[in-house]
Amino acid sequence: MSLLHSCFIENPLKSKKPLFFNHSIITSIHFKAMKETKFFKYCRLLIILMINFLFLNGARSEVYTVGDEEEWNADADFVSWAQKYKFSVGDVLRFTYVKGQHNAYEVTEDTYRSCNVSSGVLAKYESGNDQIKLKQAKKYWFICNVPGHCLGGMRFSIDVNSTSETITPPMESSSPLNSCKSYAPVRWSMGINLMAFGILVRLYF
């Protein structure tokens with residue numbers, strides 16, 4: 001029988017034998033209680049480790065630099081860029097550009113097609129290093145609202161899937177620098193969980 005099964009099924013204090021209140025029985029109960037305490041400490045440690053493992057498996061969000069090496073500017077082909085990847089809820093889009101020369105607007109489909117921002121603007125980003133978390137499974141549309149840029153090709157749309165769906169790797173490999181940026185959230189998650197594990201080991205051992 002596995003340790004995990006024992007944690008939820010077996011109870012070291014259960015006994016069908018009648019108890020008599022004498023010194024030997026009290027000593028026996030005290031000893032069993034000490035064993036039980038240590039036993040359940042190990043159970044809790046095992047459960048925490050399992051939760052951390054599941055958390056790490058579900059924390060593989062990606063950071064995508066829009067345009068890859070070309071970034072967010074008029075020279076990149078953003079339609080082709082968007083088709084290279086499969087995006088999931090929790091992923092992050094990073095728009096990198098010279099502040100003041102470009103911007104990034106999230107818009108509706110009609111505004112995306114017309115490049116007319118008199119209506120249909122959902123969000124505006126103008127910092128030069130915008131990081132947009134994809135929080136919903138839906139279709140997103142982005143444009144640059146600097147005059148002439150949207151009609152000139154600075155626009156794209158993406159389909160974002162739920163996190164339960166399989167993430168397909170990119171069709172083309174990104175540069176080493178972009179790959180390092182993409183896996184930054186995973187490294188942070190692993191570091192935090194390893195630190196928590198170290199604290200638990202010190203407490204229980």
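**Exercise 1. Strand pairing**

Work out in which sense strand 4 and strand 7 pair, and place the two strands in their sheet.

*Solution.* Start with the pair itself. Strand 4 (residues 104-107) and strand 7 (residues 139-143) run antiparallel to one another, joined over three bridges. Two strands count as paired if DSSP finds at least two bridges between them. Strands (E, at least two residues) and helices (H or I, at least four) are DSSP runs, numbered from the N terminus. Next, find a facing pair: Val107 stands opposite Trp141 in strand 7. Then widen the view. The open sheet has five strands in the order 2-8-7-4-5, and its pairing is mixed. Its edges are strand 2 (87-88) and strand 5 (121-125), each of which pairs on one side only. As background, strands of a sheet pair through backbone hydrogen bonds, either parallel or antiparallel.

A word on the model before going on: it is predicted, so local features need pLDDT of at least 70 and side-chain atom pairs count only at pLDDT 80 or more, while totals for chains, interfaces and linings use all residues. Residues are numbered from 1 along each chain as its sequence is written, and side-chain values use heavy atoms, with hydrogens and water left out.

**Exercise 2. The cysteines**

Find which cysteines a disulfide joins, and say what the link ties together.

*Solution.* Take a disulfide as a pair of cysteine sulfur atoms within 2.5 Å. Searching the whole structure gives one disulfide. Its partners are Cys115 and Cys150, with an S to S distance of 2.0 Å. The angle about the S-S bond is -65°, and the link is left-handed. Now locate the two ends: Cys115 lies in the loop between helix 4 (109-114) and strand 5, and Cys150 in the loop between strand 7 and strand 8 (155-161), so the pair ties together parts that are 35 residues apart in sequence.

Check the surroundings too. Buried means under 20% relative accessible area, exposed over 50%, and partly exposed in between (1.4 Å probe, protein chains only). Cys115 is buried at 17%, and Cys150 is buried at 4%. Finally, Cys144 is in no disulfide; the nearest cysteine sulfur, that of Cys150, is 8.2 Å away. Cys144 counts as buried as well, with 0% relative accessibility.

**Exercise 3. The nonpolar cores**

Identify the residues with the most contacts inside the largest nonpolar core, and the elements that supply it.

*Solution.* A nonpolar core is a set of buried Ala, Val, Leu, Ile, Met, Phe, Trp, Tyr and Cys residues joined through side-chain atoms within 4.5 Å. The largest has 22 residues, and those with the most contacts inside it are Trp72, Trp81, Phe87, Leu93, Phe95, Phe156 and Ile158. Helix 3 (78-83), strand 3 (92-96), strand 7 and strand 8 each supply at least two of its residues. A second, separate core has seven residues, among them Tyr105, Val107, Cys115 and Cys150.

To zoom in, count a contact when heavy atoms are within 4.5 Å. Beyond four places in sequence, Ile158 touches Ala82, Phe87, Leu93, Leu134, Lys138, Lys139 and Tyr140. In general, nonpolar side chains tend to be buried together in soluble globular proteins.

**Exercise 4. Unusual backbone angles**

Which residues other than glycine in the loop between strand 1 and helix 3 have a positive phi, and are they buried or partly exposed?

*Solution.* Recall that most residues other than glycine have a negative phi. Asp68 has a phi near 55°, and Asp68 sits in the loop between strand 1 (63-65) and helix 3. Glu71, in that loop too, has a phi of about 60°. Asp68 is buried at 7% relative accessibility, whereas Glu71 is partly exposed at 30%.

One step further, the side chain of Asp68 makes a polar contact with the side chain of Lys84 (2.7 Å). A polar contact is a pair of N or O atoms within 3.5 Å; within protein, one must be able to donate a hydrogen and the other to accept it, and residues adjacent in sequence count only if both atoms are side-chain atoms. Lys84 lies in the loop between helix 3 and strand 2 and counts as buried at 18%.
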